[in-house]
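Let's walk through this one by question and answer. Have a look at the sequence and the structure first.

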Amino acid sequence: MADSKLPKSALSRRVYLIYIIPAGIYLLLLALYPFVNLLWMSLSNVTTLNIVRGSWPFRGLSNFVALGHLSDFVLAFRNTLVFVLIVVSVGMLGGLGAATLLQVKGRLSAVGLGLMVFTWAMPPVVLGSLWKFLLLPGGLVNSILATLHLSKGPLWLVQENLVLVSVALVNSWAVIPFSALVYRAALIDIPVELLDASSVDGATPVQRFLRIKMPLLLPITLILTVLTVVYAFRSFDFIYVMTYGGPGVASTTLPFLSYRLSFINYKYSLGASVAVFTVVIVFILAFVYVRALRRTEQT
Amino acid sequence: MNKISVPVVCLLALLAAPLFAGGQNEQSGATASGTVTVWHYFSVDSQVQELKDLAALYNQTSPNVRVNYVFVPYDQLNNKIVAAAAASTGPDVVVYNGPNVGQFVDAKAIIDLSPYWGSYADKGLFAPAVVHSIGGKVYGVQGYVNLLGLWYNKDILDKVGVRPPTTIDELTAALQKVTAAGYKGITLTGKPNDQGEWQSYPWMSAYGWSYSSPDAAAAQKAFALVSSWAQAGYLSRIVVTWEQAEPFQAFTVGDVAFTENGNWQLGTAKANAHFNYGVTMMPAGPNPSKVYLGGEAESIGAFSKNPQLAWQYLQGSYFSKAGQLIAFRDVGSIPSRSDAAQDPAVTSDKLLAPFAQEVQKVGALYPPDAGPVTKVQNAQLVVGQQWSAVIAGQEDPAAAADKSVSGVRAELGQ
């Protein structure tokens with residue numbers, strides 16, 4: 001019997017390999033090849049003269065050295081960190097809050113969930129354009145603030161100290177539905193008996209949240225954090241639609257700088273260097289979080 | 001065996017003739033058939049109407065050809081053309097911002113039009129400035145010229161007793177009066193891109209700015225002017241997020257006294273502005289305000305499946321007198337053919353007269369002749385960014401002027 005099972009098991013393994021071939025080809029063509037091309041571009045001198053035809057002269061790390069002397073790069077890096085921090089913190093906390101509210105079953109919850117999915121499915125370009133109008137000096141947001149006598153209404157997309165925060169908050173708003181849906185599924189998975197037992201033992205709702213729910217949500221929080229950080233780091237659409245990296249260069253982040261250098265200035269290699277730098281940062285952050293996640297799972 | 005009869009030779013020749021001359025026969029006049037794909041970035045109603053009317057005009061002589069217009073957003077057209085060329089594909093015809101011809105030639109995305117242009121009977125009617133040549137070869141030709149002027153709401157000016165300004169000082173005084181009367185002053189674009197720079201140039205040049213010899217004092221005066229307007233409330237700072245079409249949309253509402261915008265808005269004005277309006281030349285400073293002579297160039301894609309048909313479409317639309325009069329009628333574009341420009345329909349148009357004067361008196365090369373096209377465009381972007389930062393109140397005029405000069409010099413290697 002044992003002998004007859006061996007070939008079958010080996011065959012199963014081969015079949016398994018066959019199944020992953022399509023995904024492998026997909027990754028190879030649409031992820032690995034473009035990335036290798038990007039990397040090669042960042043190490044070469046690519047211009048409009050040779051981008052289509054002709055060889056790309058090798059330049060080593062000179063493009064990365066040049067980035068250090070680019071004042072916009074330092075600003076874009078700082079802006080990106082601020083942007084990521086806001087999107088991750090507001091997006092995650094907002095998602096957790098929304099999930100807690102939507103956890104209760106009922107019509108309102110169903111409507112809320114429907115709206116969340118609708119928002120999540122909307123293209124960022126549409127959401128960005130919509131918020132651009134809402135944040136106009138005489139737009140809905142400022143009108144509400146004026147009605148409530150809270151503020152005369154700042155210029156959200158103009159003032160230097162506000163523009164990046166405004167776009168980041170809009171981006172966070174777009175992230176909340178995804179976080180909320182994931183958190184809601186995790187919250188529903190928490191055994192009711194555990195929460196009931198803690199109530200019998202006299203735990204307050206706050207204690208139940210901090211001592212029982214939060215520890216159980218930690219693994220999913222770590223995964224969500226990795227995903228949100230990656231999402232925020234590569235965020236481009238909202239900045240492109242709402243501010244075009246301006247006024248001046250006030251809301252320019254690394255992805256937008258990469259776009260501008262590559263497709264406006266036609267400095268393809270410099271733009272590729274910014275993109276590679278961004279990928280490396282994201283990779284390091286993802287690596288750190290994945291390790292932290294593994295440690296948590298082990299403990 | 002070796003002998004072939006004369007009738008057989010004639011028959012073979014008759015059968016083989018389309019193989020050798022098929023392209024020619026297929027393209028000529030009413031017998032031409034196929035599809036011409038045209039990439040463009042027009043989204044304003046009047047511009048879209050112009051495209052439809054040009055296709056209809058061409059179809060009068062070539063009814064069996066389908067003109068397939070493909071919209072590509074302005075910011076994406078250049079990249080898409082270059083990317084398409086990399087994949088050995090692309091449109092038959094591309095309608096694009098004329099100064100970008102250099103990038104398309106570098107990327108081998110468009111063909112040399114010289115063989116077609118050289119044998120084109122009407123080529124002598126086109127102004128040299130609208131024929132884009134590189135290395136002695138013609139790559140693109142503009143069917144019209146576009147440029148900026150100062151549009152004004154005549155009803156508002158009449159109410160406050162102001163005449164259309166001819167100088168920057170008169171304009172500032174007018175802005176003070178109209179805003180004091182409760183109207184909005186002026187709209188323009190302060191977006192940190194080529195559109196922002198395009199609109200900044202008349203003000204910058206009025207104080208003596210040039211790319212061949214950038215002067216911080218000149219830039220500072222221009223920046224100080226818009227900064228003072230923004231501080232006084234004559235100009236909303238939100239314009240830093242506006243595309244060039246948006247200031248004009250705001251103007252057509254009717255509560256804005258002035259807008260800096262182009263002749264191509266004529267169709268939009270006729271359709272949407274329900275008040276009396278006019279146009280005057282860009283007001284002068286210590287120097288005349290120079291205005292870029294822009295407009296879209298038309299080229300044939302390097303991977304066009306039927307360049308002969310594409311050329312035929314261009315001849316029958318953008319490059320024909322009737323086509324240029326359509327562009328004038330629908331959009332307000334100034335014809336590049338001398339016979340179309342002298343047509344009574346054009347010469348009698350009061351709104352277009354200031355633009356025509358600008359072409360003659362203060363028209364400036366776009367991009368400026370200060371070095372290789374790509375480098376000059378990068379230098380222009382630096383100025384566009386500072387223009388944006390000043391309007392937003394983020395940058396002091398003096399600091400912005402210094403950054404402009406150093407940025408331009410760095411890009412141009414001066």
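What follows is a short conversation about this predicted model.

Reader: How many residues does each chain bring to the contact between chain A and chain B?
Author: Both chains take part. Chain A brings 25 residues to the contact, and chain B brings 27.

Reader: Which helix of chain B gives the most to the side that touches chain A?
Author: Three helices of chain B each supply at least two residues of that side: helix 3 (74–86), helix 4 (101–106) and helix 17 (373–392). With 9 residues, the one that gives the most is helix 17 of chain B.

Reader: And by class, how many residues on the side of chain B that touches chain A are charged?
Author: Sort that side of chain B by class and you get 11 nonpolar and 11 polar residues. What remains to be named is the charged class, with 5 residues.

Reader: How far apart are the C-alpha centres of domain 1 and domain 2 of chain B?
Author: Each domain is built from two stretches: domain 1 of chain B covers 33–142 + 296–332, and domain 2 covers 148–290 + 365–412. Taken over C-alpha atoms, their centres lie apart by 30 Å.

Reader: Which elements give two or more residues to the side of domain 1 of chain B that touches domain 2?
Author: On this side, 9 residues of domain 1 of chain B are in contact with 13 residues of domain 2. By class, the 9 divide into 3 nonpolar, 4 polar and 2 charged. The elements giving two or more of them are helix 2 (45–61) and helix 4 of chain B.

Reader: Let's turn to the open sheet in chain B with the order 8-9-7-10: which strands stand at the edges?
Author: This sheet has 4 strands with mixed pairing, and on average neighbours are turned by 20° against each other, direction ignored. An edge strand here has a single partner, so one of its sides is left without a neighbour in the sheet. In chain B, that goes for strand 8 (184–187) and strand 10 (277–280).

Reader: Which residue of strand 9 of chain B does B:Thr187 stand opposite?
Author: Strand 8 and strand 9 (residues 256–262) of chain B pair in the parallel sense, over 3 bridges. Across from B:Thr187, in strand 9 of chain B, stands B:Thr259.

Reader: Back in chain A, does helix 8 lie largely in the open or largely buried, and what number of its residues is buried?
Author: Helix 8 of chain A runs over residues 192–200, which makes 9 residues. It lies largely in the open because the number of them that is buried is 0.

Reader: What phi does A:Gly202 take?
Author: A:Gly202 sits just after helix 8 of chain A. Its phi is positive, at about 95°.

Key: Residues numbered from 1 in each chain as written. Chains lettered and ligands numbered in written order. Predicted model: local features only at pLDDT ≥ 70, side-chain atom pairs only at ≥ 80, totals over all residues. Buried ≥ 20, exposed ≤ 12 C-beta atoms within 10 Å, placed from the backbone. Contact = placed C-beta atoms within 7 Å. Nonpolar A, V, L, I, M, F, W, Y, C, P; charged D, E, K, R; others polar. Domains from an automatic or database assignment. Pairing = 2+ DSSP bridges. Axes fitted to C-alpha atoms, helices over the stretch in contact; angles between N-to-C directions.
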